[in-house]
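Please open the structure in your viewer and keep the sequence panel visible beside it. We will move from one selection to the next, pausing at each to see what is there.

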Amino acid sequence: MTSTASPQLITMDIGHTLGAPSGASLTAVLAGLSPLPGERARRVIQRRLHTLAVLDEDTITRVCREVQIPADSFPRYHQPPRFDIWPGVVETVAELASLLPVATLSNVTRTDDEWASAVRKSGALHE
């Protein structure tokens, strides 16, 4: 059976769809420090850090234990990379938003949320 429902929402990923970070995310830094295979380390980090409201010492200790690095190796003062929006993205997303609501999906840790903030600040998206 074919669905004839009309679209109600446009969703899109942010990273490497609307632009790219200019440096290493917290996930990349931690995965690089871990002796675990990269994809496994990233899954642990994403499961723990991508849904946080607040990053506290208990969470840092738990993440470090799970990715098998010393807790004092955790980059507590990590500077999120700048997010460079690609040419034409602001206009394109604004045009799409004139047709339907647009929701962006960001796969970043709470501490790297500046990526999504940069897109919102550009005027392309509104909360």
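Begin by selecting Arg-42, which in this predicted model has a relative accessibility of 33% and therefore counts as partly exposed, since that class covers values between 20% and 50%. Now add Glu-39 to the selection: Glu-39 is also partly exposed, with a relative accessible area of 45%. The two side chains form a salt bridge, and the closest N and O atoms are 3.4 Å apart. Both residues belong to helix H2, where they are 3 residues apart, which means that about one helical turn separates them.

How many salt bridges does a search of the whole structure find? The search gives 4, and the next stop shows two that share a residue.

Select Arg-47 and Glu-66, whose closest N and O atoms are 2.8 Å apart in a salt bridge. This pair links distant parts of the chain, because Arg-47 sits in helix H2 whereas Glu-66 sits in helix H3, 19 residues apart. Arg-47 is partly exposed at 47% relative accessibility, and Glu-66 is partly exposed as well, at 22%.

Keep Glu-66 selected and add Arg-48, whose side chain meets that of Glu-66 in a salt bridge with an N to O distance of 2.9 Å. Arg-48 lies in helix H2 and Glu-66 in helix H3, so this pair ties together parts that are 18 residues apart in sequence. Arg-48 has a relative accessible area of 28%, and is thus partly exposed. Through shared partners, the salt bridges join Arg-47, Arg-48 and Glu-66 into one network.

Next, turn to the nonpolar side chains. In soluble globular proteins, nonpolar side chains tend to be buried together. Select Leu-30, Ile-45, Leu-49, Val-67 and Phe-74, which touch the most other members of the largest nonpolar core, a group of 15 residues. The elements that give two or more residues to this core are helix H1 (26-33), helix H2 (38-49) and helix H3. Apart from this core lies another, of 8 residues, and you can find it by selecting Ile-10, Ile-14, Leu-18 and Val-93, which are among its members.

For the last stop, select Gln-68, which is found in the loop between helix H3 (57-67) and strand E3 (83-85). Which sign does the phi angle of Gln-68 have, positive or negative? Phi is near 65°, a positive value in a residue other than glycine. Gln-68 has a relative accessibility of 46%, and so counts as partly exposed.

Technical notes. Residues numbered from 1 in each chain as written. Predicted model: local features only at pLDDT ≥ 70, side-chain atom pairs only at ≥ 80, totals over all residues. Heavy atoms only, no water. Helix = DSSP H or I, 4+ residues; strand = E, 2+ residues; numbered from the N terminus. Buried < 20%, exposed > 50% of the residue type's maximum accessible area, 1.4 Å probe, protein only. Core = buried A, V, L, I, M, F, W, Y, C linked by side-chain atoms within 4.5 Å.
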